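Work through the exercises below with the sequence and the coordinates open. Try each task before reading its solution.

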Amino acid sequence: MESQQRLADAKVLVIGAGGLGCPALQYLVAAGVGCIGVADHDVVELSNLQRQVLYGIDDIGLLKVDVAAKRLQQMNPESKLILHPTSINKNNVIEIISNYNLIFDGTDNFESRYLINDACTLLKKSLVFAAVSGFEGQIAVFNTPDEQKTITNYRDLFPVQPNANEIPNCAENGVLGVLPGIIGTMAAGEIVKLITGIGKPLINKLLHYNLLNQEQYEINISPSDEYKQVTASDLMNNTAESVLSSYTEIDAESMLELSKKKSTLLIDVRERHEFPKLNPTTYQQIPMSEFDVFAASDIVADNIILLCQHGIRSVAAAEKLHSIYGDSKKIYSLKGGIAKWRNHF
Amino acid sequence: MEIEIISFGKISEFINNQKLSIDVESTDDLKTHLEKIFPQLVGMKYKLALNKNIVQHNCAIKDNDSIAIMPPFSGG
């Protein structure tokens, strides 16, 4: 009963209501966690349904947080749900995270993951980290002292944020839906263990899970000598990362304005099966899988605007072009992608 | 001497789990050697773990040690 009370008193923030967030939310609500924040700015898409099990066909186009809240509230009307229909960014991260005791990172990109880690480190909030790649998953618990009072964070493991083009994301690389289901559920298990004080959570440990052979491999994380505590001003100014300005991220208004300029190409780097389809006379489609050939083909245009579904692959494409053309061309990426600016197409 | 190599994620696409006969004294030596035989590692972010403990500074390697090579995952 005491454990049930601890769950009822807990305030957990789930960032990302996607493949990892959906199963985690279901089990946290079912377990009776008293207050759950859900942060996600995306709408439901057809391609989400194989792994994001809170959503159905009729939900396509609706905000994930709204659909998730409706389903979760049916499961357990006692849980208080707080919705954050926004992308977590440097301006709102501190304010949002401050309201919770425990944070779950189920996002799908490094920029968010490093930002969430840095904010949790700054505010000394326990962070349950989960991520997937191909058929494998990683889970860890950060910013939580172990028996020796040792505390580690994600930067003790991977100090520097990888470039967007180093690692493909789920939409591009594909992932078997059951994998984030397993990893998200394991993460919910870690959250329940942390709240109730039972068992041994993965504090200062990284667990690797491989779906193909059911193998697990656990390593001990110790604090890095290199790691320097991130300050609030680092976070606000993005100086935690030395971002090279090889391209410019723009909003949809600027994209439409720029597209009127001479010698400007608008390139959709999504794969051919993705929706919504854009007008091919305005937007040339060059999927990421064919992008290298295009990038090396002596592009004549001076200004190149790249776009994709969420603005992640287009950043990778922008970095690729910059590596070939340097500053001889102006390269832009639509921040947030087509999903964010739906009404502009 | 012989060491066991265990790789994860994208790195397992070009480095199989294997026993490697090699003469290196430390994790820094091993890193240099690995990047020579697997040039795809150069420029990638990855971390080593020696006998399941993360490598935060140069550590001595002994016969039959195991080395895990791990990239960061971001998918969700």
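A polar contact is a pair of N or O atoms within 3.5 Å; within protein, one atom must be able to donate a hydrogen and the other to accept it. Keep in mind that this is a predicted model.

**Exercise 1. Count the polar and charged links between chain B and chain A.**

Step 1. Apply the polar-contact rule across the interface. It gives 13 residue pairs between chain B and chain A, both residues at pLDDT 80 or more.

Step 2. Search for salt bridges. The rule finds zero between chain B and chain A.

Step 3. Sort the side of chain B that touches chain A by class. It has 11 nonpolar, 10 polar and four charged residues.

**Exercise 2. State the extent of the interface and locate the chain B side.**

Step 1. Pick a quantity. The size of an interface is often given as the accessible area lost when the parts come together.

Step 2. Compute it. Chain B and chain A bury about 2,600 Å² between them. Carbon and sulfur atoms carry 58% of that area.

Step 3. Find the top contributors in chain B. B:Phe73, B:Ser74 and B:Gly76 lose the most area to chain A. Together they make up 28% of what that side buries.

Step 4. Count residues. Chain B gives 25 residues to the contact, and chain A gives 39.

Step 5. Map the chain B side onto elements. Those giving two or more residues are β3 (47-50), β4 (53-54) and β5 (66-70) of chain B. The largest share, three residues, comes from β5(B).

**Exercise 3. Describe the setting of A:Thr144.**

Step 1. Place the residue. A:Thr144 sits in the loop between β6 (136-142) and α6 (154-157) of chain A.

Step 2. Buried or exposed? The cut-off for buried is under 20% relative accessible area. A:Thr144 has 9% relative accessibility, so it counts as buried.

Step 3. Look for polar partners. The side chains of A:Thr144 and A:Ser126 form a polar contact of 2.8 Å. A polar atom of the A:Thr144 side chain also lies 2.9 Å from the backbone oxygen of A:Phe142.

Step 4. List contacts beyond four places in sequence. Among them are A:Leu127, A:Ile151, A:Leu194 and A:Asn204.

**Exercise 4. Do the same for B:Leu20.**

Step 1. Place the residue. B:Leu20 belongs to strand β2 (residues 18-21) of chain B.

Step 2. Check accessibility. The value is 13%, therefore B:Leu20 counts as buried.

Step 3. Find its contacts, leaving out residues up to four places away in sequence. B:Leu20 touches B:Met1, B:Glu2, B:Ile3, B:Ile5 and B:Leu34.

Step 4. Take a C-alpha distance. B:Leu20 and B:Ile6 are 14 residues apart along the chain, with C-alpha atoms separated by 11 Å.

Notes:
Residues numbered from 1 in each chain as written. Chains lettered and ligands numbered in written order. Predicted model: local features only at pLDDT ≥ 70, side-chain atom pairs only at ≥ 80, totals over all residues. Heavy atoms only, no water. Contact = heavy atoms within 4.5 Å. Buried area = accessible area lost by both parts, 1.4 Å probe. Salt bridge = Lys/Arg side-chain N within 4 Å of Asp/Glu carboxyl O. Helix = DSSP H or I, 4+ residues; strand = E, 2+ residues; numbered from the N terminus. Nonpolar A, V, L, I, M, F, W, Y, C, P; charged D, E, K, R; others polar. Buried < 20%, exposed > 50% of the residue type's maximum accessible area, 1.4 Å probe, protein only.
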